[in-house]
Amino acid sequence: MTVEWRGKPVWIVNRTPEMVERTESFDVERLADPNSEVPQQPAYIEGPLRSIRPEIGVLIGICTHLGCSPLFKPEPDAEGVGTDNWPGGYFCPCHGSRFDLAGRVFRNVPAPTNLEVPPYRFETDEIIVVGEDEETA
Ligand code: FES
């Protein structure tokens, strides 16, 4: 689903165990910043999935190149993403940037950084609060 935070679209994506496995095992050599060293996420967001819970991805849905909205292409055989061995993820049709299901940017695309992860926290198992984290709640 898409919600809005500070005027920006925020994607909340339910990742299946298979999607999680594909993302965790993807070839990091194809990614520009696989360990999220550029601060595009709160400090508590760590690991290849860039999320608090593996099965829930929370990303700002704005390409880090020039601000288009990437397309959700979760299937490994998705068409039109311009690469082989696609792990599932997000494809920006404006200039061809690619991101995996954790929002990690591929190498050699126009987008310079991973998609942004906003601050968020789980109020309950069913409710996510975007824009607040455990420390600011
Ligand atoms: S705005 Fe997404 S690739 Fe240029």
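This briefing describes a disulfide, the surroundings of one serine, a small sheet and a helix residue in a single structure. The model is predicted. UniProt, in an unreviewed entry, places the feature "domain: Rieske" at residues 50-129. In the model, that span is 0% helix and 26% strand, and its end C-alpha atoms lie 17 Å apart.

**The disulfide and its cysteines**

- A search of the whole structure finds one disulfide, which joins Cys-68 to Cys-94 with an S to S distance of 1.9 Å.
- The link of Cys-68 and Cys-94 is left-handed, with -95 degrees about the S-S bond.
- Cys-68 lies in the loop between strand S3 (56-60) and strand S4 (71-73), while Cys-94 lies in the loop between strand S5 (89-92) and S6, so the pair ties together parts that are 26 residues apart in sequence.
- Both ends of the link are assigned to the intermediate accessibility class: Cys-68 is partly exposed because its relative accessible area of 22% is not under the 20% that marks a buried residue, and Cys-94 is partly exposed at 36% relative accessibility.
- Two further cysteines are buried, namely Cys-63 with a relative accessible area of 5% and Cys-92 at 2% relative accessibility.

**The surroundings of Ser-97**

- Ser-97 lies in strand S6, which covers residues 97-100, and Ser-97 counts as buried because its relative accessibility is 1%, where the cut-off for burial is under 20%.
- A polar atom of the side chain of Ser-97 lies 2.9 Å from the backbone nitrogen of Ala-111.
- Once the neighbours within four places in sequence are left aside, the residues in contact with Ser-97 are Cys-63, His-65, Tyr-90, Phe-91, Cys-92, Val-109, Pro-110 and Ala-111.
- Among these contacts are the cysteines Cys-63 and Cys-92, of which Cys-63 is buried and Cys-92 is buried as well.

**The three-stranded sheet**

- Strands S1, S2 and S3 form an open sheet in the order S1-S2-S3, with antiparallel pairing.
- The edge strands of this sheet are strand S1 (2-5) and S3, each of which pairs on one side only, and the twist from one strand to the next averages 25 degrees.
- S1 and S2 pair in the antiparallel sense over four bridges, and Glu-4 has Pro-9 in S2 as its bridge partner.
- The same two strands, S1 and S2, form a hairpin with two residues between them, and Arg-6 in the turn has a positive phi of about 50 degrees.
- Strand S2 (residues 8-14) and S3 pair in the antiparallel sense over five bridges, with Ile-56 in S3 as the bridge partner of Asn-14.

**Glu-21 in helix H1**

- Glu-21 is found in helix H1, which covers residues 17-24, and this glutamate counts as partly exposed at 49% relative accessibility because the exposed class requires over 50%.
- Glu-21 and Gly-89 are 68 residues apart along the chain, and their C-alpha atoms are separated by 13 Å.

Methods:
Residues are numbered from 1 along each chain as its sequence is written. This is a predicted model: local features need pLDDT of at least 70, side-chain atom pairs count only at pLDDT 80 or more; totals for chains, interfaces and linings use all residues. Side-chain values use heavy atoms; hydrogens and water are left out. Buried means under 20% relative accessible area, exposed over 50%, partly exposed in between (1.4 Å probe, protein chains only). A polar contact is a pair of N or O atoms within 3.5 Å; within protein, one must be able to donate a hydrogen and the other to accept it, and residues adjacent in sequence count only if both atoms are side-chain atoms. Contact means heavy atoms within 4.5 Å. UniProt positions are given in the numbering used here, feature names are shortened, and annotations may be inferred rather than shown by experiment. A disulfide is a pair of cysteine sulfur atoms within 2.5 Å. Two strands pair if DSSP finds at least two bridges between them. Axes are lines fitted to C-alpha atoms, for helices over the stretch in contact, and angles run from 0 to 180 degrees between N-to-C directions.
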